[in-house]
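Visitor: I have a structure open and would like to talk through a few spots in it. Could you walk me through them?

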Amino acid sequence: MYGSFNERETINILKKLVETPSPSGYTNEVMKVISSYLDELSVDYVKTNKGAIVATILGDNNSNHRLLTAHTDTLGAMVKEVKSNGRVKLSLIGGFSWNAMEGESCFIHTSSGKKVRGTILLHQSSVHVYKNSGSIERNAENMEIRIDEKVFSKEDTSKLGIDVGDFVSFDPRFEETESGFIKSRHLDDKASTALLLQLMKNIKSSNIQLPYTTHFYISNNEEIGYGGNSNIPSEVVEYIAVDMGALGDGQTSDEYTVSICAKDSSGPYHYELTRHLVNLAKEHNIGYKLDIYPYYGSDASAAIRAGYDVKHALFGPGIESSHAFERTHIDSLKHSASLLEAYVKSPMVLE
Ligand SMILES: [Zn+2]
């Protein structure tokens, strides 16, 4: 295996990240976890007005820069309405289907800082009462939060401090199996965030001298389309989104290699930069898959759309059942870490 990969540390950071609730729009706490980690490493960083963190490690060449980004924001929901029976209707944050959250435990984060427990359920869940429970459409009308408090009315729920606009986070249910799988919600994109943090740690602790000044952009608005599309230093030539590989029928991506994306919904990624990543993988015996993601966009494509003149590419660990109950394997994290290390040490494309 190419490069240094600390399996235990990577998994520990990942666990800490997924267990810190951070639906898009409510990411202060997770960004504090990131900033204290960077403080410990003595890596310089700035915070953007949007709440992202851009860390920078100087390289030999300080006129042409690189940027790697991963995002810490996740899917979630917001209180849309308190119903007359005291239950709560939801408005979803990010792109996913209602059935992916059915039965999941959650917290409602009130404005006073209280966390109220509940479960996301179909209103007509009980098959002893609703004959067609199985076929009722899971949608904004029929799904609700059953609050774990004695509430019977809208007033009861309001008294708990719950109001329209409160954020709702889903339980990650992090689990590591002996066979090397990691199961959790929000591996997208906290797995990549953990890898970037570990990469910075390796660079600092092994005194790796980077060929180019490299920025590590931890974004917090990717799931809603505008994460790493601002605050990009003008010297940045190459912009890499480190984000999940999408698995399914017809896809090449898997949970055991690093996925390199040639094209997604936003169009093709930069051809030569993508070829450079493939060549690095071949050269260092890194297990990789080249793939196309049918319904996907990244912070790299968001940066291009925002008008930045950069070469953009996308790669990351393969995530099974993305935006539902996700899973990956430690092998995918290893190969992704290897490609990250090989890339930051490599010469630039078409310099
Ligand atoms: Zn993502």
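**A strand residue, a metal site and a helix pair**

Guide: Let us begin with Thr213, which lies in strand β12 (residues 212-219); please keep in mind that this is a predicted model.

Visitor: Is Thr213 buried or exposed?

Guide: Thr213 has a relative accessible area of 1%, and because buried means under 20%, Thr213 counts as buried.

Visitor: And which residues does Thr213 touch, leaving out those up to four places away in sequence?

Guide: On that count Thr213 touches Thr56, Ile57, Leu58, Gly59, Asn61, Asn62, Asn64, His65 and Arg66.

Visitor: Switching to the metal, what are the protein donors of the zinc ion?

Guide: They are His71 through NE2, Asp188 through an OD atom, and Asp243 through OD, listed twice, with the donors lying 1.9 to 2.6 Å from the zinc ion. The angles among the 4 donor atoms run from 51 to 139°, and the site is irregular.

Visitor: Where do His71 and Asp188 sit along the chain?

Guide: His71 is in strand β3 (residues 61-71) and Asp188 is in helix α4 (residues 187-205), so that pair, 117 residues apart, links distant parts of the chain. The donor spacing reads H-x116-D-x54-D, and both His71 and Asp188 are buried.

Visitor: Last topic, at what angle do α5 and α7 pack?

Guide: Helix α5 (residues 271-283) and helix α7 (residues 330-345) pack at about 115°, with their axes 10 Å apart, and their crossing is right-handed.

Visitor: Which residues meet there?

Guide: From α5 there are Leu273, His276, Leu277, Leu280 and Ala281, which meet Leu339, Ala342 and Tyr343 of α7; the contact comprises 7 nonpolar residues, 1 polar and no charged.

Key. Residues numbered from 1 in each chain as written. Predicted model: local features only at pLDDT ≥ 70, side-chain atom pairs only at ≥ 80, totals over all residues. Heavy atoms only, no water. Axes fitted to C-alpha atoms, helices over the stretch in contact; angles between N-to-C directions. Helix = DSSP H or I, 4+ residues; strand = E, 2+ residues; numbered from the N terminus. Left-handed = near helix turned anticlockwise from the far one by under 90°. Contact = heavy atoms within 4.5 Å. Nonpolar A, V, L, I, M, F, W, Y, C, P; charged D, E, K, R; others polar. Donors = N, O, S within 2.8 Å, 3.2 Å for Na, K, Ca; no water. Tetrahedral: all angles 85-135°; square planar, octahedral: opposite > 155°, others 65-115°. Buried < 20%, exposed > 50% of the residue type's maximum accessible area, 1.4 Å probe, protein only.
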